[in-house]
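Colleague: I have the sequence and the model open side by side. Please take one part and walk me through it closely, then set it in the rest of the chain.

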Amino acid sequence: MCTQKGLLDNSVMYLQVISHETCHLFYMSHCVFFDCLMNKSRSVAEAMSQPLYLCPVCTRKLQKVLRFPSVVQYLKNILHFLHQLVEAGISNRQLTDTVMWFEHCITVTESKPAVLTQTKSID
Ligand SMILES: [Zn+2]
Ligand SMILES: [Zn+2]
């Protein structure tokens, strides 16, 4: 039997799996640097224990592939999407932690614009 909580938990799980697999479509391999959406997992439980966000190394890889000009704008776009999920009633501890992580990352990157927001050093 599917409960409301089960559907919400599954929504976050689907988001995590789709995000991870989509990054593979952009030729991103498994991450060995930090706790990251792109970490390799050997079980569903292990996969669900991993974060919903990319580490700085993988964010940089995605920036290079997609050529988005601003890491800050990327972070704001993802945060806007996450807020929409929460407003739609999709929320759990992992999603709440992820929202807080993106808010923190935006604060940090906006305080260091010369290092993290220039596109010149991408290529
Ligand atoms: Zn994978
Ligand atoms: Zn990574």
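Modeller: Let us start with H83. This is a predicted model, so every statement below is about a prediction. H83 sits in helix 4, which covers residues 71-87. Is H83 buried, exposed or in between? H83 is partly exposed, because 13 other C-beta atoms lie within 10 Å, and a residue counts as exposed at 12 or fewer and as buried at 20 or more. Across space, H83 can be paired with T96. The two are 13 residues apart in sequence, and their C-alpha atoms are 9.5 Å apart. T96 itself is one of the exposed residues of helix 5, on the face turned away from that helix's buried side.

Now the helix that holds H83. Helix 4 has 17 residues, which should span 24 Å at 1.5 Å a residue. The C-alpha atoms at its ends are 24 Å apart, so expectation and model agree. Which residues of helix 4 are buried? They are V71, Y74, L75, I78 and L82. These residues lie on the same side of helix 4, because they cover an arc of only 95° around the axis. The other side of helix 4 carries exposed residues: H80, Q84 and E87. After helix 4 comes G89, with a positive phi near 95°.

L79 is also in helix 4. L79 is partly exposed, because 17 other C-beta atoms lie within 10 Å, and burial starts at 20. What does L79 touch, leaving aside residues up to four places away in sequence? Its contacts are V99, F102, E103 and I106. For one of these pairs there is a distance as well. L79 and V99 are 20 residues apart along the chain, yet their C-alpha atoms are separated by 6.4 Å.

L75, from the buried set of helix 4, has its own contacts. With residues up to four places away again left out, L75 touches F102, C105, I106 and T109. F102 and I106 also appear among the contacts of L79.

That brings us to helix 5. Helix 5 runs over residues 93-111, 19 residues in total. From first C-alpha to last it reaches 27 Å, close to the 27 Å expected at 1.5 Å a residue. Its buried residues are L95, T98, F102, C105 and T109. They share the same side of helix 5, because their arc around the axis is only 75°. F102, C105 and T109 are contacts of L75. The face turned away from the buried side holds R93, T96, M100, H104, T107, V108 and S111, which are exposed.

Next, the nonpolar core. The largest one has 15 residues. Within this core, C36, L37, M38, L54, L75, I78 and F102 touch the most other members. Helix 4 and helix 5 are the elements that give two or more residues to this core. Helix 4 supplies the largest share, five residues.

How does this fit into the whole chain? The protein chain has six helices and zero strands. From the N terminus on, the order is α-α-α-α-α-α. Of its 123 residues, 16% count as buried. Among contacts with a separation of 6 or more, 52% join residues 24 or more positions apart.

Two loop residues also deserve a look for their backbone angles. Y27 has a phi near 65°, a positive value in a residue other than glycine. Y27 lies in the loop between helix 1 (4-25) and helix 2 (44-48). Y27 is exposed, because 8 other C-beta atoms lie within 10 Å, where 12 or fewer is the limit. R67 has a positive phi of about 60°, and it is not a glycine either. R67 lies in the loop between helix 3 (56-66) and helix 4. R67 is exposed too, because its count within 10 Å is 10 other C-beta atoms.

Last, confidence. The protein chain averages a pLDDT of 87, and 84% of the residues score at least 70. Where is confidence lowest, and where is it highest? The lowest is in helix 6 (residues 113-116), at a mean of 55, and the highest is in helix 3, at 95.

Methods: Residues are numbered from 1 along each chain as its sequence is written. Chains are lettered from A and ligands numbered from 1 in the order in which they are written. This is a predicted model: local features need pLDDT of at least 70, side-chain atom pairs count only at pLDDT 80 or more; totals for chains, interfaces and linings use all residues. Helices (H or I, at least four residues) and strands (E, at least two) are DSSP runs, numbered from the N terminus. Two residues are in contact if their C-beta atoms, placed from the backbone, lie within 7 Å. The expected span of a helix is 1.5 Å times one less than its number of residues. The arc is that of the directions from the helix axis to the C-beta atoms. A nonpolar core is a set of buried Ala, Val, Leu, Ile, Met, Phe, Trp, Tyr and Cys residues joined through C-beta atoms within 7 Å. pLDDT is the predictor's confidence in each residue, from 0 to 100.
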